[in-house]
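Visitor: I'd like to learn how to read a few features off a model. Could you walk me through one?

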Amino acid sequence: MGIPPIPEDPSERYHSAEAREEVAERSSPTGALWVAAGLLTGVALGGLWLGLAALAALLSAPMPPPGLLLLGLLMGIGLFQEGLRITRGIPDALLPVPTLAAQVRMLSFLLILIGCGAVVERLAPDLPIVLLPLHAGIAVLGPLWWFNLLRQRLAASWSRRRTWWGLGLGGLAAPGLALLLEGMALVGLGLGLLIARLVVEGPDFILRWFPMGFPPGAPPVVPTERLLGDPWVWAALLIGGAGLVPLIEEAVKPLPAFLRARAPTAEGILYGALGGAGFAIAENLLNWTLGAPWALTALGRLGASALHVFNSALMGWAWGMLRQGRPGAGLGAYLLVVLLHSLWNAGALLLGIGFLTPLPDRVRVLIAPPVLIGMGAVGLAVLIGLGWALPALAGGEDPVEPSAGGSSQGG
């Protein structure tokens with residue numbers, strides 16, 4: 001699903017009807033790409049969700065998460081509307097620098113959503129669908145809040161067209177590429193661990209997994225408790241989730257910065273942050289299972305969104321360093337973001353073990369504090385990075401202010 005390039009608009013305002021017609025004529029081919037991308041996004045993701053829903057109804061299986069449909073509508077409508085603006089020759093709109101008061105109001109709103117969700121979950125535990133609007137609000141507004149916090153700290157204006165371009169790449173192209181690469185890597189990991197286990201234990205573990213054998217005409221089923229109690233399974237989850245996934249995702253999330261950033265300035269940082277925000281929106285909508293503990297899940301998604309925005313912003317700066325012939329700084333930034341992502345994922349997986357496996361309460365009590373402390377340390381590092389480290393790396397520069405009539409190509 002391709003995201004069109006940012007169109008080239010002139011950098012001055014258009015006053016006459018003839019000038020506007022000229023701009024519309026010149027912009028319409030690129031605008032048509034934006035319109036087509038919006039339609040394709042909405043139709044493809046919406047059609048995929050409807051197909052999965054029909055298949056689930058046919059097989060009496062659980063319905064697919066509605067986040068797929070919400071993601072298609074959000075990105076599809078945004079790209080489509082921006083494409084119409086381009087074809088009509090409407091200049092790109094400058095987004096003002098967020099004020100601290102506006103950021104505080106938005107954070108208060110997010111906390112109210114979390115509180116309302118906790119109340120709804122308490123009063124209607126059997127109706128998780130009621131949480132869907134609150135879930136969508138946290139999933140979308142949370143990453144955007146972190147992105148605007150960074151803009152506020154950088155005192156950087158940005159533009160509407162840049163925003164949709166970056167969110168489209170980060171929320172559509174980057175997740176698709178990451179899923180493809182992760183799928184291949186995880187299949188390779190699974191085959192490698194299977195061969196290693198056959199060498200270490202022999203084929204006996206297969207009989208333990210399938211104690212009833214393989215009856216003809218029935219699919220083999222592994223008992224859930226047997227899977228959850230298998231240390232090899234948790235080793236695969238930790239290696240994959242805390243090792244391979246961060247390595248891949250941190251390489252593909254800053255796609256907007258890779259395409260636009262030319263120097264380690266605020267521009268590259270913000271392009272990277274936009275890719276991370278789009279990725280976080282897609283992940284929040286697709287991976288968040290309704291019915292899980294609301295307050296813990298919502299706070300976890302806010303924390304993961306901050307991690308995605310910060311890591312991708314730092315990678316946007318690192319890409320600028322690479323282009324300036326400083327690979328050491330770029331590689332160091334990449335290793336740092338992979339480490340932070342790995343620690344966060346490992347903590348989330350260990351908490352999942354505590355919730356999913358029939359562990360004694362005393363074991364859960366022993367696991368939870370160090371895991372929460374570790375995830376809290378990662379969160380603190382991200383907050384420091386968003387608030388102070390990234391603005392310092394930008395060197396106080398703000399090369400990203402487009403004129404109100406231009407499209408702000410981004411370099």
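Visitor: Which residues lie nearest the centre of the second largest pocket?

Guide: First, the general idea: rolling a probe the size of a water molecule over the atoms shows where empty space is left. In this predicted model, the second largest pocket has 13 lining residues, and those nearest its centre are Leu95, Leu144, Asn148, Thr163 and Leu167. The space inside comes to about 260 Å³.

Visitor: How do the lining residues divide into nonpolar, polar and charged?

Guide: Mostly one way: 10 are nonpolar, two are polar and one is charged.

Visitor: And which helix gives the most to that lining?

Guide: That's H4, with five residues. At least two residues each come from helix H2 (67-87), helix H4 (132-154) and helix H5 (160-201).

Visitor: Let's stay with H4, then. How far apart are its end C-alpha atoms?

Guide: They are 33 Å apart. The way to read that is to count 1.5 Å a residue: the 23 residues of H4 should span 33 Å, so the two values agree.

Visitor: Where does H4 bend?

Guide: At Leu141, by about 25°. Look just along the chain and you'll find a proline, Pro143, within four residues of the bend. Past the end of H4, check the backbone too: Ala155 has a positive phi of about 55°.

Visitor: Is H4 mostly covered or mostly uncovered?

Guide: Mostly covered, with 17 of its 23 residues buried. Arg151 sits in this helix, and here the cut-off helps: buried means under 20% relative accessible area. Arg151 has 4% relative accessibility, so it counts as buried.

Visitor: What does the side chain of Arg151 reach?

Guide: The backbone oxygen of Pro96, at 3.1 Å.

Visitor: Can we try the span check on another helix? What should H11 span?

Guide: Helix H11 covers residues 294-323, and its 30 residues should span 44 Å at 1.5 Å a residue. The end C-alpha atoms are 43 Å apart, which agrees. Since 22 of those 30 residues are buried, H11 is largely enclosed by the rest of the structure. Gly325 follows H11, with a positive phi near 80°.

Visitor: One last case: is Tyr334 buried or exposed?

Guide: Buried, because its relative accessible area is 18%. Tyr334 belongs to helix H12 (residues 327-356). For a look at sequence against space, pair Tyr334 with Leu247: they are 87 residues apart in sequence, while their C-alpha atoms are 8.7 Å apart.

Methods: Residues numbered from 1 in each chain as written. Predicted model: local features only at pLDDT ≥ 70, side-chain atom pairs only at ≥ 80, totals over all residues. Heavy atoms only, no water. 1 Å grid on protein atoms, 1.4 Å probe; cavity = no way out; pocket = protein on both sides within 12 Å on 5 of 7 lines; lining within 4 Å. Points joined across faces, edges and corners; volume = space filled by probe spheres on them. Nonpolar A, V, L, I, M, F, W, Y, C, P; charged D, E, K, R; others polar. Expected span 1.5 Å × (residues − 1). Bend = angle between axes of the 7 residues up to and from the residue. Buried < 20%, exposed > 50% of the residue type's maximum accessible area, 1.4 Å probe, protein only. Polar contact = N/O pair within 3.5 Å; in protein donor to acceptor, adjacent residues only side chain to side chain.
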